[in-house]
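Hi,

Here is the model I said I would pass on. Have a look at it first, and my notes follow underneath.

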Amino acid sequence: PSIDLKSEKITNKNIIFVLDKSGSMQGKKIDQSKKALSYVMKNLNQGDKFNIITYDDRVQLYKSENQLYTSTSKNEAIHYVNQISSGGGTNINAALVKAMKLFRDNDNPNYIIFLTDGIPTSGVKNEMEIAENVLMANSNNARLFAFGVGNDVNARLLDRLTSKIGGLSNYVKPNEDIESAVSELYTNISSPVMTDISIAFSNTDVRTTYPEKLPDLFSGNQLVWVGKYNKAGKSKLTISGKIAGQLKTFSYDVDFESFDDNGTNDYIQNLWASRRVGYLIDQIDLNGKQTEWIDE
């Protein structure tokens with residue numbers, strides 16, 4: 001879509017940083033995580049709202065309500081971050097459910113940056129139950145960006161959470177720079193251009209699309225969405241989404257080509273196939289081996 005960013009107000013966002021401060025985070029991990037959180041705090045946009053949750057076996061909330069970003073609230077939050085220390089177990093379920101419940105509206109995009117280095121050791125420990133609880137608590141369409149740090153993290157849980165809710169899982173090795181990984185992600189999501197995106201076509205059936213849950217579109221980024229269609233010919237492409245909180249729709253006349261095995265569009269086939277293979281591997285990893293998935 002042709003969106004004039006100069007005339008459009010950048011969409012304000014609500015962002016909550018959920019930080020694991022359990023005993024295993026002690027030392028370099030917690031120091032880097034605090035620096036990453038401080039980076040995010042220094043680079044929010046005026047009009048954004050934020051909050052901070054730290055957790056071990058218990059959940060601690062920075063403020064009872066999400067805070068409007070100002071120079072004063074920024075400085076207070078950074079001071080708070082500098083006082084964080086590590087110790088205790090890992091109650092992932094309670095921390096994420098609490099974060100979801102802090103979002104009060106659906107007018108602006110809601111994002112969680114979640115950082116953990118371990119597996120659930122306190123509260124609800126079953127990964128299927130945690131994923132279901134977090135999904136049920138997500139009443140305001142929040143996106144989850146998860147960072148797993150080290151070799152002991154429950155990658156299946158983080159992948160399950162982000163695939164169901166929308167967002168990304170990232171994994172940082174024990175000797176890698178957590179601050180760099182988080183700051184790079186935040187730079188990419190700092191300026192939402194279009195949110196709550198939906199895509200529709202006339203005259204054909206589009207199916208088996210990836211990503212399954214359309215992400216938001218951010219300034220300087222692109223959205224690649226691939227799928228299969230069953231009927232060639234002319235179609236109307238309609239893209240809808242919120243820009244600066246206002247629902248807008250863009251329509252385009254497009255042609256779906258008949259299949260032509262001349263190699264011109266092989267890269268598109270490969271894109272779809274790689275996404276499909278990734279989806280099948282995820283299903284096998286998360287739900288166990290099924291013959292039809294393996295055969296496909």
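A quick word on terms: I call a residue buried when its relative accessible area is under 20%, exposed when it is over 50%, and partly exposed in between, using a 1.4 Å probe and protein chains only. On that basis, buried residues make up 42% of the 296 residues in the protein chain.

Please keep in mind that this is a predicted model, so local features need pLDDT of at least 70 and side-chain atom pairs count only at pLDDT 80 or more, while totals for chains, interfaces and linings use all residues. Residues are numbered from 1 along each chain as its sequence is written, and side-chain values use heavy atoms, with hydrogens and water left out.

Overall picture

The protein chain has eight helices and 13 strands; these are DSSP runs numbered from the N terminus, with helices (H or I) of at least four residues and strands (E) of at least two. Its C-alpha trace spans about 60 × 50 × 35 Å along the principal axes. The radius of gyration is 21 Å, which agrees with the value near 19 Å for a compact globule of 296 residues. That radius is taken over C-alpha atoms, and the globule rule is 2.2 Å times the number of residues to the power 0.38.

Taking contact as heavy atoms within 4.5 Å, 71% of the contacts between residues at least 6 apart in sequence join residues at least 24 apart.

The cores

What sits in the middle of the largest nonpolar core, in terms of touching the most other members? Ile113 and Val182 do, out of 31 residues. The elements giving two or more residues to this core are β1 (14–20), α1 (28–42), β2 (49–55), α2 (71–82), β5 (110–116), β6 (143–149) and α6 (178–189). A nonpolar core here is a set of buried Ala, Val, Leu, Ile, Met, Phe, Trp, Tyr and Cys residues joined through side-chain atoms within 4.5 Å. Apart from the largest core lies another, of 26 residues, including Val18, Leu96, Ala131 and Leu144. As for Val182, setting aside neighbours within four places in sequence, its contacts are Phe17, Ala36, Val40, Ile113, Leu115 and Phe147.

Loops and odd backbone spots

The loop between β9 (206–210) and β10 (217–218) holds Lys213, and Pro211 is found there too. Have a look at the peptide bond from Tyr210 to Pro211: it is cis, with omega near 0°. Lys213 counts as partly exposed because its relative accessibility is 33%. Not counting residues up to four places away, Lys213 touches Asn141, Arg143, Lys164, Ile165 and Gly166.

That brings in Asn141, from the loop between α4 (127–137) and β6. Asn141 has a positive phi of about 55° although it is not a glycine, and at 25% relative accessibility it counts as partly exposed. Asp196 also has a positive phi, near 50°, in a residue other than glycine. Asp196 is placed in strand β8 (residues 192–201), and its 27% relative accessibility makes it partly exposed.

Last one: is Ser122, in the loop between β5 and α4, buried or exposed? Buried, at 14% relative accessibility. Leaving aside neighbours within four places, Ser122 is in contact with Asp57, Gly89, Thr90 and Asn91.

Cheers
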